[in-house]
Amino acid sequence: STTPPDVLLQKQQDSWFLQRHGQMEPANGEKVATLFQALTTHRIREFTSDSASNLEAYGLHQPVLSITWTANDKQSQRISFGHDAQGSVFAKYDTEPYVYKVAAAVLAAFPADTVKWKGLNPLRYSLFALRRISLALGTAPPVVLNYNPDTAQWTGLLAGKDITSMIDRVKADRLAGGLAQIQ
């Protein structure tokens with residue numbers, strides 16, 4: 001958009017990533033799906049013009065939002081959105097002379113702030129950085145599982161008592177991996 005910085009989303013294999021602060025981080029997959037759904041399902045309300053000679057009348061000379069994407073064939077497409085003084089929203093593909101009137105609700109599917117595209121996964125860590133998992137239920141003492149990355153071994157305590165011999169390493173590894181998948 002014209003005010004916040006550009007939002008850059010990139011698909012890598014089967015996942016979407018967002019560029020923030022010069023780094024790529026997981027993007028909100030639902031938000032990306034909503035973007036594509038809005039682009040492919042929102043209907044044109046009205047064919048407004050077959051000439052791009054007066055974009056100012058539609059607010060498209062300085063669009064409030066532009067979306068650019070590159071397909072597998074490396075061809076880029078861009079659609080721009082603008083609005084007039086009455087609040088009507090218009091859309092135009094850069095490669096076409098046509099101007100379309102669209103529902104204003106379509107703009108809600110394209111937040112301009114990068115934080116709104118950020119992945120919703122509350123736990124972001126590398127399994128290599130994991131050192132401890134503490135599990136507590138109500139007022140019961142917590143089960144504390146400690147992981148040593150040098151030996152790839154788990155140790156555990158329950159109410160100060162060593163429970164290392166009771167730990168199923170496969171289950172502990174699955175628990176650690178599963179925590180990274182919580183959304």
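# A guided tour, starting at Ile-167

Select Ile-167 to begin, and then show the residues around it: leaving out residues up to four places away in sequence, Ile-167 touches Leu-145, Trp-154, Thr-155, Gly-156 and Ala-172. Bear in mind throughout that the coordinates belong to a predicted model. Ile-167 itself sits in the loop between β12 (161-162) and α2, and with a relative accessibility of 21% Ile-167 counts as partly exposed. If you draw a distance from Ile-167 to Leu-145, you will find their C-alpha atoms separated by 8.7 Å, although the two residues are 22 residues apart along the chain.

**The whole chain**

Now zoom out and colour the cartoon by secondary structure, which shows 2 helices and 12 strands in the protein chain. Following the sequence from its start, you pass through the pattern β-β-β-α-β-β-β-β-β-β-β-β-β-α. Turn the C-alpha trace along its principal axes, and the protein chain spans about 80 × 40 × 25 Å. The radius of gyration of the protein chain is 25 Å, whereas a compact globule of 183 residues would have one near 16 Å.

A surface view comes next: the accessible surface of the protein chain comes to about 12,400 Å², and 51% of that belongs to carbon and sulfur atoms. How many of the 183 residues count as buried, as a percentage? The share is 28% of the residues of the protein chain. For the contacts between residues at least 6 apart in sequence, 43% join residues at least 24 apart.

**Charged side chains**

Select the charged side chains, where you should find 18 positive and 16 negative ones, with the centres of the two sets lying 8 Å apart. Side chains of opposite charge can pair when their charged atoms come close. Here the count of salt bridges comes to 3, and each can be visited in turn.

Go to Glu-25 and Arg-20 for one of them, a salt bridge in which the closest N and O atoms are 3.7 Å apart. Are these two residues buried or exposed? Both Glu-25 and Arg-20 are buried.

Move on to Arg-78 and Asp-94, which form a salt bridge with their closest N and O atoms 2.9 Å apart. This pair links distant parts of the chain, since Arg-78 belongs to strand β6 (residues 76-83) and Asp-94 to the loop between β7 (89-93) and β8 (99-102), 16 residues apart. Arg-78 counts as partly exposed because its relative accessibility is 34%, and Asp-94 is likewise partly exposed, with a relative accessible area of 43%.

For the remaining salt bridge, select Asp-173 and Arg-169, whose side chains meet at 3.7 Å, N to O. Asp-173 and Arg-169 are separated by about one helical turn, because they are 4 residues apart in helix α2 (residues 169-179). Asp-173 is partly exposed at a relative accessible area of 34%, and Arg-169 counts as partly exposed at 39% relative accessibility.

**Tyr-93 and its surroundings**

Return to strand β7 and select Tyr-93, which is found there. Which residues is Tyr-93 in contact with, leaving aside its neighbours within four places in sequence? They are Trp-69, Gln-77, Arg-78 and Ile-79, and Arg-78 is the residue you have just seen in a salt bridge with Asp-94. Tyr-93 counts as partly exposed, with 24% relative accessibility. Then add Asp-113 to the view: Tyr-93 and Asp-113 are 20 residues apart along the chain, and their C-alpha atoms are separated by 22 Å.

**Two backbone angles**

Most residues other than glycine have a negative phi. Select His-21, in the loop between β2 (15-20) and β3 (23-26), and check its backbone: His-21 is not a glycine, yet its phi is positive, at about 55°. The relative accessibility of His-21 is 71%, so His-21 counts as exposed. Ala-152 can be found in the loop between β10 (143-148) and β11 (153-158), and Ala-152 also has a positive phi of about 55° although it is not a glycine.

**A last stop at Leu-130**

Finish by selecting Leu-130, which lies in the loop between β8 and β9 (132-135). With 10% relative accessibility, Leu-130 counts as buried, because buried means under 20% relative accessible area. A line drawn from Leu-130 to Gln-37 runs 37 Å from C-alpha to C-alpha, and the two residues are 93 residues apart in sequence.

Conventions: Residues are numbered from 1 along each chain as its sequence is written. This is a predicted model: local features need pLDDT of at least 70, side-chain atom pairs count only at pLDDT 80 or more; totals for chains, interfaces and linings use all residues. Side-chain values use heavy atoms; hydrogens and water are left out. The radius of gyration is taken over C-alpha atoms; the globule rule is 2.2 Å times the number of residues to the power 0.38. Buried means under 20% relative accessible area, exposed over 50%, partly exposed in between (1.4 Å probe, protein chains only). Contact means heavy atoms within 4.5 Å. Accessible areas come from the Shrake-Rupley method with a 1.4 Å probe; for residues, only the protein chains shown count as cover. Lys and Arg count as positive and Asp and Glu as negative; His and the chain ends are not counted. The place of a charge is taken as NZ of Lys, CZ of Arg, CG of Asp or CD of Glu. A salt bridge is a side-chain nitrogen of Lys or Arg within 4 Å of a carboxyl oxygen of Asp or Glu.
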